[in-house]
Amino acid sequence: MSETSRKLTTIFCADVQDYSRLMGKDEEGTLATLRRYRDAMKRLIEVRGGRVINTWGDGVFAEFPSVVEAVRAAIDVQNELAGYNAAMDAEKQMLFRIGLNLGDVIADGNDLYGDGVNIAARLQSRAVAGGIVISNTVYDQVRNKVAVGFDFLGQLDVKNIDGGVPSYAVRVGGVQVADTTSDYRAAPEPYRAPEASIGEPVIQDWRRSFGVPLVICIGLAMLNGLSWHGEFWAKWPILAIAWVAALRFVRSNKQIDTAIAALAVTGVGIVMINLFTWHGTPWAILPLLGLGIAAALRWVSRPRSRV
């Protein structure tokens with residue numbers, strides 16, 4: 001017999017909206033789509049450090065040691081699957097609902113049990129198709145760490161949990177935030193968090209990406225001015241620093257296409273080099289044309305997302 005133990009972990013629970021209807025119309029096609037979507041979910045979960053525990057029926061059950069990475073994985077999943085669905089007929093689209101909960105669970109081998117798991121499943125059942133609902137334990141850990149907004153839903157009634165579980169919907173794309181049913185009850189005012197918005201995380205990301213480079217660039221410009229001999233030599237290190245900082249920012253931003261954004265940043269850098277070395281020849285046109293073609297190929301070949 002396997003030995004049981006308790007641990008604190010983040011539970012990820014997902015299943016398909018209207019799975020029975022999809023199977024009733026096309027069993028083989030639905031199973032093929034389900035396998036494709038599950039493979040994508042497994043890849044995105046593992047990239048974020050998670051572990052898929054089970055894939056019963058139409059569901060996916062996973063755990064994460066990091067709460068922040070669990071939320072980011074859920075957002076990645078919904079964004080990528082939205083792109084897949086955009087390329088499909090509306091009647092065949094497969095939409096997942098995701099619930100996340102941070103709680104103490106019983107580990108029995110590779111399986112997890114307990115209220116922490118049950119809460120994640122209940123949160124998932126209240127999410128809308130293509131949506132994410134998280135518990136207050138998850139929200140408390142991620143509200144200032146991920147660049148998305150949250151909407152407080154009230155108390156979700158859960159068996160064996162007195163007073164219910166305060167829950168929040170994560171704003172993903174243009175989906176309705178949650179399935180508002182009688183399972184939710186109005187919560188006391190202390191549970192509402194007015195700071196739950198996209199503004200503060202975005203400002204923090206901007207400072208982290210551009211704050212130090214900006215100070216260095218200003219210092220270089222001032223040094224150039226104090227040692228002026230008719231040449232603005234600081235333009236080259238400033239350009240290099242700005243280019244690296246911009247690439248770091250776009251690569252850390254999951255709300256945009258990183259490849260296209262990197263091509264755009266590179267294009268701006270080439271234009272600036274052309275201007276700084278101007279001798280009457282716009283040589284940047286040819287590399288810009290190449291970057292534009294690469295960006296266009298990337299755009300038409302990727303699944304469209306509703307982010």
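Here is a short exchange about the predicted model shown above.

Trainee: What should I know about the numbering and the model?
Mentor: Residues are numbered from 1 along each chain as its sequence is written, and side-chain values use heavy atoms, with hydrogens and water left out. This is a predicted model: local features need pLDDT of at least 70, side-chain atom pairs count only at pLDDT 80 or more, and totals for chains, interfaces and linings use all residues.

Trainee: How many helices and strands does the chain have?
Mentor: Both are DSSP runs, numbered from the N terminus: helices are H or I with at least four residues, strands are E with at least two. The chain has nine helices and nine strands.

Trainee: What share of the 307 residues counts as buried?
Mentor: Buried means under 20% relative accessible area, exposed over 50%, and partly exposed in between, with a 1.4 Å probe and protein chains only. Of the 307 residues, the buried share is 41%.

Trainee: Is Asn-85 buried or exposed?
Mentor: Asn-85 is found in helix α3, residues 67-86. Contact means heavy atoms within 4.5 Å. Leaving aside neighbours within four places in sequence, Asn-85 is in contact with Tyr-37, Gln-93, Met-94 and Leu-95. Its relative accessible area is 3%, so Asn-85 is buried.

Trainee: Which element gives the most to the largest nonpolar core?
Mentor: A nonpolar core is a set of buried Ala, Val, Leu, Ile, Met, Phe, Trp, Tyr and Cys residues joined through side-chain atoms within 4.5 Å. The largest one has 42 residues, and Phe-12 and Leu-100 are among the members that touch the most others. With 10 residues, the element giving the most to this core is α3.

Trainee: How is the aromatic pair of Phe-12 and Phe-64 classed?
Mentor: Rings of Phe, Tyr and Trp (its six-membered ring) pair if their centres lie within 6.5 Å; planes under 30 degrees apart count as stacked, over 60 as edge-to-face and the rest as tilted. The count comes to six aromatic pairs. Phe-12 and Phe-64 are 6.1 Å apart centre to centre, with 50° between the planes, and the pair is tilted.

Trainee: Which strands hold Phe-12 and Phe-64?
Mentor: Phe-12 is buried, at 0% relative accessible area. Phe-64 is buried too, also at 0%. The pair links distant parts of the chain, 52 residues apart: Phe-12 in β1 (residues 4-16) and Phe-64 in β3 (residues 60-64).

Trainee: Why is the pair of Tyr-139 and Phe-150 edge-to-face?
Mentor: Both residues, Tyr-139 and Phe-150, are buried. They belong to one aromatic cluster with Phe-152 and Tyr-168. Their ring centres are 5.4 Å apart, and the pair is edge-to-face because the planes stand at 80°.

Trainee: What is the N to O distance in the salt bridge of Arg-48 and Glu-69?
Mentor: A salt bridge is a side-chain nitrogen of Lys or Arg within 4 Å of a carboxyl oxygen of Asp or Glu. The chain's count comes to 13 salt bridges. Both Arg-48 and Glu-69 are buried. Their side chains meet at an N to O distance of 3.2 Å.

Trainee: Which strands does the salt bridge of Glu-63 and Arg-51 tie together?
Mentor: The closest N and O atoms of Glu-63 and Arg-51 are 2.5 Å apart. Glu-63 lies in one strand and Arg-51 in another, so the pair ties together parts that are 12 residues apart in sequence: β3 and β2.
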